[in-house]
Amino acid sequence: MTAPRMPSPPPRRWSGAVMALLLAALVVASFASLPLQFAAFFTADAVSSVAEFLAGFAPPETGAGFLRKTAIATAETLAMSAVGTLLAVVAGVLLAIPAAGRFGRPLRGAVRAVLNVLRSIPELVWASVLLIAAGLGPFPGALALGAHTAGVLGRLFADALENATPLPEQSLRTNGATPMAAFLYATLPQTLPQMLSYTLYRWENNIRAAAILGVVGAGGLGQMLKYHLSLFQMEKAATVILAMLLLVALVDAASFWLRRTLTR
């Protein structure tokens, strides 16, 4: 009696190993192409220069007039990030629905291409363009944040809608619900916590980006920081930097609390 023939092993796939080798080669080439001189940071001259530069920031400016001016700039930065994020959420939702393929594949591809363009252009470039068109101030900064973040949120919202379970919406459609009602009552509630989490995270990012946009004239803390650094007023610059750190920490804490409360 002959032994039963064993099934042949599955064919070995080399695509994973080839991809890993390509990634390793890319990492090695990246390090080889850059002039990385880590030792230059630890020379006696470098350490002395950095220490002297950092010593100029102490003590921070604490005059009542300057603190009042910093508080106004902080509120302006916070408002710019909030308005930019709100505009991005509205545009992101409107673009995410066709980008999720709900109006056919051609429109899905076209809208996703628009989202790629929006998020591929950094906020700083958007701000530079809009400042030329609308002049200096927080409004072009808010629009720049909204344009870039709409591309990011639109893509994330579209992916969330595509990954939602289709069975509840199909059941409502089978029982006579309109497409809009089935979407609002079946698919949207599934993705709403995820979309909210994405929105809060992007708001945190926009707080930091709003501070940077001020450097190109969009107002807020960034504009103050650029002004005082250019005049070598390091004590005042230190106060502005501390205000930035405090603002980011407060928004991080508020965002964490909101996510825990609304997604519980």
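Mentor: Let's start with burial: buried means under 20% relative accessible area, exposed over 50%, and partly exposed in between, with a 1.4 Å probe and protein chains only. Keep in mind that this is a predicted model, where local features need pLDDT of at least 70, side-chain atom pairs count only at pLDDT 80 or more, and totals for chains, interfaces and linings use all residues. Residues are numbered from 1 along each chain as its sequence is written, and side-chain values use heavy atoms, with hydrogens and water left out.

Trainee: Why is Arg-108 called partly exposed?

Mentor: Its relative accessible area is 23%, and partly exposed is the class between under 20% and over 50%, so that's where Arg-108 goes.

Trainee: What makes Arg-108 and Glu-162 a salt bridge?

Mentor: The rule asks for a side-chain nitrogen of Lys or Arg within 4 Å of a carboxyl oxygen of Asp or Glu. Here the closest N and O atoms are 2.8 Å apart, so the pair qualifies. Arg-108 sits in helix α4 (residues 105-120) and Glu-162 in helix α6 (residues 138-163), so the bridge ties together parts 54 residues apart in sequence. Helices here are DSSP runs (H or I, at least four residues), numbered from the N terminus.

Trainee: Which class does Arg-112 fall in, buried or exposed?

Mentor: Buried: its relative accessible area is 14%, and the cut-off is under 20%, so the label fits. The side chain of Arg-112 also meets that of Glu-162 in a salt bridge, at 3.2 Å from N to O.

Trainee: Why are Arg-155 and Asp-159 said to be about one helical turn apart?

Mentor: Because they are 4 residues apart in helix α6. Their side chains form a salt bridge too, 2.9 Å from N to O. Arg-155 is partly exposed at 33% relative accessibility, and so is Asp-159 at 21%. Salt bridges that share partners join Arg-108, Arg-112, Arg-155, Asp-159 and Glu-162 into one network.

Trainee: How many aromatic pairs does the ring rule give?

Mentor: The count is 1. That pair is Phe-53 and Phe-57, with ring centres 5.2 Å apart and planes at 80°.

Trainee: And why is the pair called edge-to-face?

Mentor: Rings of Phe, Tyr and Trp (its six-membered ring) pair if their centres lie within 6.5 Å; planes under 30 degrees apart are stacked, over 60 edge-to-face, the rest tilted. The planes of Phe-53 and Phe-57 are at 80°, so edge-to-face it is.

How values were computed. Helix = DSSP H or I, 4+ residues; strand = E, 2+ residues; numbered from the N terminus.
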